[in-house]
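Here are some exercises to work through at your own pace. Try each task before you read its solution.

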Amino acid sequence: MNLHKKKDKLPIPLTSTTANSMQQPKETCSNLNCFFCLMKEPESSIRREGLANCFKEMPFTNDHEHVLVLSGLWNIAMTQPDDPEFPSLGIFNCMASLIHRGLIDRDWLLRDQNLYIPYYAAHVVGSYTMNKVEFAEKAVDSGVIPPLMELFRGKMSWVEQRVAVRALGHLASYESTFESVAKYEEELVNLAMDLASNCLEVVYVNYVGVKDKSKRLNYHCDLLTRGVGGMEMENRKAEEWASQIQCWSLYLLNCFAIKERSINLMCEKEFLKDLCAMWGGLVNHSSAAGVGLIRILCYTEIGRKRISESPEVIEKLCNLSRSSDDWQYMGIDCLRLLLNDADTRNKVIHTATLCLADLIEIRTLGGKTNVGEAIAKTLLTDFRQTKSKIVDSRVERALEEIWDMKVERRRKEKRLSSENVEEKRVLVSLIKQQGNHSFSVGEIEEALLKYTEGLELCPMRLRKDRIVLYSNRAQCHLLLNDPDSAISDTTRALSLSTPVNSHCKSLWRRSQAYDMKGLAKESLMDCLMFVNRFIGSETTKHVKIPYYAARMITKQMEISWLFAIARSKAASDHMDKAKQADGDNEASSNEDSNFEMLRMMTKNKAFATGLSTIVEEPLIRKGGSGRGKLERSKERKNAALAVSQ
């Protein structure tokens with residue numbers, strides 16, 4: 001829909017203060033169904049009857065104050081989503097009818113400020129249905145799904161798609177309303193997949209990348225920032241909303257995947273690749289984004305089969321498993337599910353082993369205990385029987401090392417007395433000092449050998465000593481330009497630390513190693529964790545963030561910015577068009593675009609600004625199909641696997 005730009009500003013949404021002032025009945029008000037007069041009515045029965053009539057008549061009347069009423073309803077629904085009054089008086093019928101009218105009556109939509117109404121109406125539906133199943137049932141019975149689907153199809157713009165997918169996600173998360181949404185299953189799943197994959201490009205091309213404010217839709221600007229701040233604030237909010245569109249689209253897909261519905265569609269090869277790049281991370285830390293859906297797919301047979309056939313997905317899962325991302329444990333879970341399936345084990349074991357071997361000493365992660373033991377058990381399943389089938393010598397050595405560490409060394413060290421352990425500790429300390437000396441005089445290879453010797457002698461129970469040895473050896477690998485070995489050793493050090501991923505030097509060194517490999521997201525997460533640990537330390541809490549860390553964060557934020565790919569593609573398209581037209585001003589234009597984006601990105605990062613994301617409601621709800629339900633399902637399946645083994 002080609003929406004024209006309204007010049008008027010969006011009405012200020014009702015707050016407790018503004019609502020009281022606006023509810024004062026005007027002396028000249030002759031409208032018996034005036035919403036603001038009715039809100040002030042002290043007699044409950046009169047008030048309720050009047051509001052019911054107001055909701056019934058609103059879609060069929062022309063009143064320039066409708067948008068102000070919708071703005072007030074939006075605020076009430078956001079602040080009091082569990083209040084049953086409006087849902088019991090027909091608000092869902094009203095909202096559905098208003099959306100429908102906005103879609104079919106263009107003249108009405110473009111009159112006054114009615115352009116805002118479909119957005120507000122869909123938002124009201126989503127807010128009232130996020131917690132209460134009875135409200136969701138009323139909404140479905142009131143016919144909200146068809147108009148929401150029209151918005152979801154993109155009949156207006158990405159702004160309305162955001163609130164439509166949010167509302168549909170809530171309705172799909174309840175058992176009693178799921179089937180009503182599932183009537184559109186194939187179309188809905190395809191739309192959600194497409195929206196999740198392309199929404200960032202859409203928002204960038206149609207909004208963030210539009211540097212001329214006069215060319216942006218005014219009502220989008222008003223909805224995003226309420227007229228507060230300029231383009232800088234609008235771009236920050238648009239980044240937040242774009243991420244929400246993606247995460248809510250994935251949430252809607254989760255509702256189907258967790259019921260093992262439309263798995264074939266979601267396991268399409270290109271979409272699985274796209275999922276790996278969908279990152280909750282800094283922008284939406286309450287959402288597991290792409291990896292959350294991948295893990296659900298890994299609980300299904302066809303999901304495991306398709307994922308195991310994608311080297312790109314397996315590589316991304318390995319990188320996630322060896323990172324300080326909040327969803328690290330999900331990457332580990334996915335790899336274990338693939339390894340525990342006899343049909344997919346051999347397809348992933350060569351890649352997964354080299355990653356998971358570094359994690360076998362993790363104690364607690366993601367609220368789960370004995371994580372490392374579970375990883376080792378998975379990797380060593382049928383180890384003696386399948387050893388001859390391993391064709392990669394590195395994988396074979398890794399499995400031998402795991403067997404030695406978890407079986408042979410553990411058995412031998414049980415017989416060590418406390419005196420023997422102390423003797424070994426002193427000897428290891430001496431070897432470490434020798435390694436430190438070699439390192440200080442530039443004999444890096446000799447230092448590496450010394451740290452390796454110390455690790456071979458150091459009892460496994462001396463975790464702190466082993467952390468230092470692994471981390472020091474990782475520094476040697478960095479100087480020898482071997483980032484893979486550096487990542488392995490720092491990961492082992494971080495797995496030994498308590499809590500996991502808390503050893504500052506290892507975090508910084510792994511961040512550097514990931515940077516050498518061009519893995520910006522993983523490098524960024526480690527660097528941010530390093531900074532958090534650094535400024536939280538008793539010895540350094542009053543020290544400013546090191547310049548080298550700030551520089552690394554700025555670099556990786558630029559590369560992994562939410563719109564980085566969209567910006568690159570837009571710049572490429574712009575260059576192609578410029579070449580076709582003339583090409584004379586191509587370099588200058590692209591340089592200006594890059595400068596503008598860099599300026600915005602280095603100033604406006606989510607971790608620094610504290611922007612809220614999907615805070616309108618939690619992603620975990622009673623009776624929903626969010627992470628809590630997934631965890632319970634996982635525990636049941638793990639128990640079944642344990643019994644079968």
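**Exercise 1. Find how many salt bridges the whole structure holds, then place the pair Arg153 and Glu187.**

Solution. Start with the criterion: a salt bridge is a side-chain nitrogen of Lys or Arg within 4 Å of a carboxyl oxygen of Asp or Glu. Side chains of opposite charge can pair when their charged atoms come close. A search of the whole structure gives 32 salt bridges.

Next, take the pair itself. Arg153 and Glu187 meet through their side chains, with 2.5 Å from N to O. The two residues link distant parts of the chain, 34 residues apart: Arg153 sits in the loop between helix H10 (145-152) and helix H11 (158-172), and Glu187 in helix H13 (residues 185-208). Helices here are DSSP runs (H or I) of at least four residues and strands are runs (E) of at least two, numbered from the N terminus.

Then check the exposure. Buried means under 20% relative accessible area, exposed over 50%, and partly exposed in between (1.4 Å probe, protein chains only). Arg153 has 29% and is partly exposed; Glu187, with 32%, is partly exposed.

A word on the source: this is a predicted model, where local features need pLDDT of at least 70 and side-chain atom pairs count only at pLDDT 80 or more, while totals for chains, interfaces and linings use all residues. Residues are numbered from 1 along each chain as its sequence is written, and side-chain values use heavy atoms, with hydrogens and water left out.

**Exercise 2. Describe where the salt-bridge partners Lys273 and Glu270 lie, and do the same for Arg322 and Asp358.**

Solution. Begin with Lys273 and Glu270, whose closest N and O atoms are 3.7 Å apart. Both are in helix H17 (residues 269-277), three residues apart, which is about one turn of the helix. Lys273 is partly exposed at 27% relative accessibility, and Glu270 is partly exposed at 43%.

Now turn to Arg322 and Asp358, whose side chains form a salt bridge of 2.7 Å, N to O. Arg322 lies in the loop between helix H20 (311-321) and helix H21 (328-340), and Asp358 in the loop between helix H22 (342-356) and strand S1 (364-365), so the pair ties together parts that are 36 residues apart in sequence. Arg322 and Asp358 are both buried.

Finally, look for shared partners: Glu150, Arg153, Lys155 and Glu187 are joined into one network by salt bridges.

**Exercise 3. Work out whether Asn501 is buried or exposed, and which residues it contacts.**

Solution. First locate Asn501: the loop between helix H29 (483-496) and helix H30 (504-516) holds this residue. Its relative accessible area is 7%, so Asn501 is buried.

Next come the contacts, meaning heavy atoms within 4.5 Å. Setting aside neighbours within four places in sequence, Asn501 is in contact with Ser323, Ser324, Gln328, Leu494, Leu507, Arg510 and Met529. With Gln328, the side chain of Asn501 makes a polar contact of 3.0 Å. (A polar contact is a pair of N or O atoms within 3.5 Å; within protein, one must be able to donate a hydrogen and the other to accept it, and residues adjacent in sequence count only if both atoms are side-chain atoms.)

**Exercise 4. Compare the expected span of helix H26 with the distance between its end C-alpha atoms, and find what its buried residues pack against.**

Solution. The expected span is 1.5 Å times one less than the number of residues. Helix H26 (residues 418-440) has 23 residues and should therefore span 33 Å, and its end C-alpha atoms are 33 Å apart, which agrees.

Now look at its buried residues: Val421, Val428, Ile431, Gly435 and Ser438. The buried residues of H26 pack against H27 and helix H28 (463-479). After H26 comes Gly442, with a positive phi near 90°.

**Exercise 5. Repeat the span check for H31, then describe Val543.**

Solution. H31 has 17 residues and should span 24 Å; the end C-alpha atoms are 24 Å apart, in agreement. Buried residues of H31 include Leu524, Cys527 and Phe534.

Val543 is in the loop between helix H31 (520-536) and helix H32 (547-560). With a relative accessible area of 42%, Val543 is partly exposed. Not counting residues up to four places away in sequence, Val543 touches Phe534 and Ile535.
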